[in-house]
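Reader: I would like to learn how to read a structure feature by feature. Could you walk me through one?

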Amino acid sequence: MPSINELRTLIEDCRYTAPNGACYVKDNCMSTSSRCYDNNCTGCSSSSAGYSKFDGDLSYYWSSTTVLDDDNSSINAAWLVYMSDASIDYKYFSKGGLARCVRNAN
């Protein structure tokens, strides 16, 4: 499964959550605190075309990046991307969802 950084490379045309966008949720910033997760993570306006590099992709996808609380403890959740509006959010592991596969170059 891709990390949140890898998953963000599939976002296009949303300056807030694309790879170098204003949302700071990244592999090295995994907290739900405003230092990482803020209004910039809400993405862009919902679009029937979505913001994925894959045409017609409107689903949300899990990342392998776990969510940390303010004291760097896992809260049994992971970061994900909603392709319909390019938002970055998190869900608890008990929730369903989709995943994209990535290939290790090694």
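Author: Gladly, and let us begin at the start of the chain. M1 counts as exposed, because its relative accessibility is 51%. Please keep in mind that this is a predicted model.

Reader: Where does M1 lie, and what is M1 in contact with, leaving aside its neighbours within four places in sequence?

Author: M1 lies in the segment before α1. Leaving those sequence neighbours aside, its contacts are E6, W62, S63, S64, A99, R100 and V102. You can also compare positions along the chain with positions in space: M1 and D85 are 84 residues apart in sequence, and their C-alpha atoms are separated by 21 Å.

Reader: R100 is in that list of contacts. Which residue forms a salt bridge with R100?

Author: The general idea comes before the case. Side chains of opposite charge can pair when their charged atoms come close. Here the partner of R100 is D57, with 2.5 Å between the closest N and O atoms. The structure holds 1 salt bridge. D57 sits in the loop between α1 and β1 and R100 in the segment after β3, so this pair ties together parts that are 43 residues apart in sequence.

Reader: Are D57 and R100 buried or exposed?

Author: Take them one by one. D57 is buried, because its relative accessible area is 6%. R100 is partly exposed, because its relative accessible area is 24%; the cut-off for buried is under 20%.

Reader: I would also like to look at a charged residue without such a partner. What is the nearest side chain of opposite charge to K26, and how far away is it?

Author: That side chain is D27, and it is 10 Å away. K26 is buried and has no salt bridge; the cut-off for a salt bridge is 4 Å between the side-chain nitrogen and a carboxyl oxygen. K26 is found in the loop between α1 (4-8) and β1. Leaving aside neighbours within four places in sequence, K26 is in contact with I4, N5, R8, P19, G21 and T65.

Reader: Let us turn to the cysteines. How many disulfides does the structure hold, and what is the pairing?

Author: There are 3 disulfides. If you number the bonded cysteines in sequence order, the pairing reads 1-6, 2-5, 3-4.

Reader: What should I read off for the disulfide of C14 and C44?

Author: Start with the sulfur atoms, then the torsion, then the surroundings. C14 and C44 are joined with an S to S distance of 2.2 Å. The angle about their S-S bond is 95°, and the link is right-handed. This pair links distant parts of the chain, 30 residues apart, with both C14 and C44 in the loop between α1 and β1. C14 counts as buried because its relative accessibility is 1%, and C44 counts as buried because its value is 19%.

Reader: What are the S to S distance and the handedness for C23 and C41?

Author: C23 is joined to C41 with 2.1 Å from S to S. Their link is right-handed, with 85° about the S-S bond. C23 and C41 lie 18 residues apart, both in the loop between α1 and β1. C23 and C41 are buried.

Reader: Why is the disulfide of C29 and C36 left-handed?

Author: Look at the sign of the torsion: about the S-S bond of C29 and C36 it is about -90°, so this disulfide is left-handed. Their sulfur atoms are 1.8 Å apart. C29 counts as buried because its relative accessibility is 8%, and C36 counts as buried because its value is 0%.

Reader: Is C101 buried or exposed?

Author: C101 counts as exposed, because its relative accessibility is 78%.

Reader: Finally, how do I read the sheet? What is the order of its strands?

Author: Strands of a sheet pair through backbone hydrogen bonds, either parallel or antiparallel. In this open sheet of 3 strands the order is β1-β2-β3, and the pairing is antiparallel. The edge strands are β1 (60-68) and β3 (87-92), each pairing on one side only. Neighbouring strands are turned by 35° against each other on average, direction ignored.

Reader: How many bridges join β2 to β3, and which residue stands opposite L80?

Author: Strand β2 (residues 74-82) is joined to β3 by 6 bridges, and the two run antiparallel. Opposite L80 you will find D89 in β3.

Key:
Residues are numbered from 1 along each chain as its sequence is written. This is a predicted model: local features need pLDDT of at least 70, side-chain atom pairs count only at pLDDT 80 or more; totals for chains, interfaces and linings use all residues. Side-chain values use heavy atoms; hydrogens and water are left out. Two strands pair if DSSP finds at least two bridges between them. Axes are lines fitted to C-alpha atoms, for helices over the stretch in contact, and angles run from 0 to 180 degrees between N-to-C directions. Buried means under 20% relative accessible area, exposed over 50%, partly exposed in between (1.4 Å probe, protein chains only). Lys and Arg count as positive and Asp and Glu as negative; His and the chain ends are not counted. Contact means heavy atoms within 4.5 Å. A disulfide is a pair of cysteine sulfur atoms within 2.5 Å.
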